[in-house]
Amino acid sequence: MSETMIEAQDLTRTFRSGFRRKRITAVENLNLAIQPGELFGLVGPDGAGKTTTLRMLAGILKPSSGQATVNGHDIVKGAEDIKQELGYMPQQFGLYPDLTVDENMNFVCDVFDVMGEERQTRMEELLDFTGLHDIRTRRGRNLSGGMQKKLGLAAALVHKPKLLLLDEPSTGVDPVARREFWDILTTLHAAGSTVVVSTPYMDEAERCNRVGLMYGGQMMICDSPSGIKRMLPGSVLALRADNLTLAEDVLKQVPDVLDVQPYGDVLNIISNDEAGASAIESRLTAAGVTVDSLRPTPPRMEEAFIYFVRQYASGDAAQAAASPTEVTA
Ligand SMILES: Nc1ncnc2c1ncn2[C@@H]1O[C@H](COP(=O)(O)OP(=O)(O)OP(=O)(O)O)[C@@H](O)[C@H]1O
Ligand SMILES: [Mg+2]
């Protein structure tokens, strides 16, 4: 068995899709090493390649090129071993809507050969752990989104996997269920499991040891949350003012301002110039904005994520403008 839990080299997957069978590179030359016991977050905008990456690592989708090992098994030749050893939770509800919670769990126990007394104990444990005990006779289709996600997780844990691949396990669930879900994940992680989780929520990414930011099929950044935040250039200033729409328009014209991101009644300004607060304030005042406060604020993952994704997107736009003809392979 190799030391590294997941190791990917130049992992690439293309699809042909649509009327013209246009080629899409969903994942491109992905290099990744995840150690046992890590809680690794996979983030990126819609279509970045997170699901495709997880499906390849789960041994259910073959790469077009490149290779990867999971717990020492090659993802193509050892796909069946991988499926037995890891818990994979797909992005969509992957169980049977017509079966009850109990029946779904029994089905998964059959698949993983968890039998007899062990099955009874395991099912009780997992239904307690995920809070599904009282609704064990409810059919899959009648579960709320959050309950379906918890059933998906319980099913992924039936065979006590040391590695969990979870694809947006808390998307679309309410904040309480989301918190409960993360309490469960934290417990599993503390007990030594390796967890790879894709998420659109930056507060969740912040709870991971390391985060990989994917964009356009590529892993653009892979570092700890604090490391990623340190990569954000300049500093972040939080602005409260009477007219944030006008303030945003004004700030976009200021050369030292790299990005402006509204959050409710605050405008976060990523500025190149650490000492530029007074210059920014003068510009705003001159344009007729009444500034209530303008203070440095620690960057969050959210700022970093939005900033980097905008940077990559503007790079794409510049490239598309330079070569406007669509290339079909
Ligand atoms: N089976 C498929 N056939 C054709 N194209 C696909 C297929 N699966 C994924 N793609 C395409 O590959 C790209 C990456 O998709 P993927 O589902 O991996 O992204 P994602 O990061 O998980 O997005 P989301 O956040 O929306 O779940 C997208 O352009 C998608 O349309
Ligand atoms: Mg996805």
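How far is an oxygen atom of ligand 1 from an N or O atom in the side chain of Gln91? The distance is 3.0 Å. This is a predicted model, and the distances and areas below are computed from it.

## Ligand 1 and its polar contacts

Gln91 is one of several residues with a side chain placed close to an oxygen of the ligand. In Thr52, a side-chain N or O atom sits 2.5 Å from an oxygen atom of ligand 1. For Lys50, a polar side-chain atom is 2.8 Å from a ligand oxygen. The protein does not cover the whole ligand: of the 640 Å² of accessible area that ligand 1 has on its own, 67% is covered.

## The shell around the ligand

The shell around ligand 1 holds 14 residues. Gly47, Gly49, Lys50, Thr51 and Thr52 are the closest. By class, six of the shell residues are polar, five are nonpolar and three are charged.

Which helix gives the largest share of this shell? Helix α1 does, with three residues. Two strands also take part: β1 (6-17) and β2 (22-34), like α1 (50-57), each supply at least two shell residues.

## Helix α1

Six of the eight residues of α1 are buried, so the helix is largely enclosed by the rest of the structure. The buried residues are Lys50, Thr52, Thr53, Leu54, Met56 and Leu57. Lys50 and Thr52 thus appear twice: both are buried in α1, and both are among the residues closest to ligand 1. Just after the helix comes Gly59, with a positive phi of about 80°.

## Two nonpolar cores

The largest nonpolar core contains 50 residues. Met105, Leu153, Leu166, Leu185, Val197, Leu213 and Phe308 have the most contacts inside it. Helix α11 (residues 301-322) provides the largest share of this core, with seven residues.

Another core, of 26 residues, lies apart from it. Leu32, Leu54, Ala68 and Leu165 are among its members. Leu54 also belongs to the buried set of α1.

Leu185 shows how the largest core is linked. Leaving aside residues up to four places away in sequence, Leu185 touches Leu153, Leu166 and Val197. These three are also listed among the residues with the most contacts in the core.

## Two loop residues with positive phi

Asn71 is not a glycine, yet its phi is positive, at about 50°. Asn71 sits in the loop between β4 (65-70) and β5 (73-74). Is Asn71 buried or exposed? Its relative accessibility is 18%, so Asn71 counts as buried; the cut-off for buried is under 20%.

Asp113 is another non-glycine residue with a positive phi, here about 60°. Its place is the loop between α3 (101-111) and α4 (116-129). Asp113 counts as exposed because its relative accessibility is 57%, and exposed means over 50%.

## Overall build

The protein has eleven helices and 14 strands. Its C-alpha trace spans about 75 × 50 × 40 Å along the principal axes. Of the 329 residues, 47% are buried.

Contacts reach across the sequence. Among contacts with a separation of 6 or more, 70% are between residues 24 or more positions apart. The accessible surface comes to about 16200 Å², and carbon and sulfur atoms account for 49% of that area.

Methods
Residues numbered from 1 in each chain as written. Chains lettered and ligands numbered in written order. Heavy atoms only, no water. Core = buried A, V, L, I, M, F, W, Y, C linked by side-chain atoms within 4.5 Å. Buried < 20%, exposed > 50% of the residue type's maximum accessible area, 1.4 Å probe, protein only. Helix = DSSP H or I, 4+ residues; strand = E, 2+ residues; numbered from the N terminus. Contact = heavy atoms within 4.5 Å. Near = heavy atom within 4 Å. Polar contact = N/O pair within 3.5 Å; in protein donor to acceptor, adjacent residues only side chain to side chain. Areas by Shrake-Rupley, 256 points an atom, 1.4 Å probe, with all protein chains shown as cover. Nonpolar A, V, L, I, M, F, W, Y, C, P; charged D, E, K, R; others polar.
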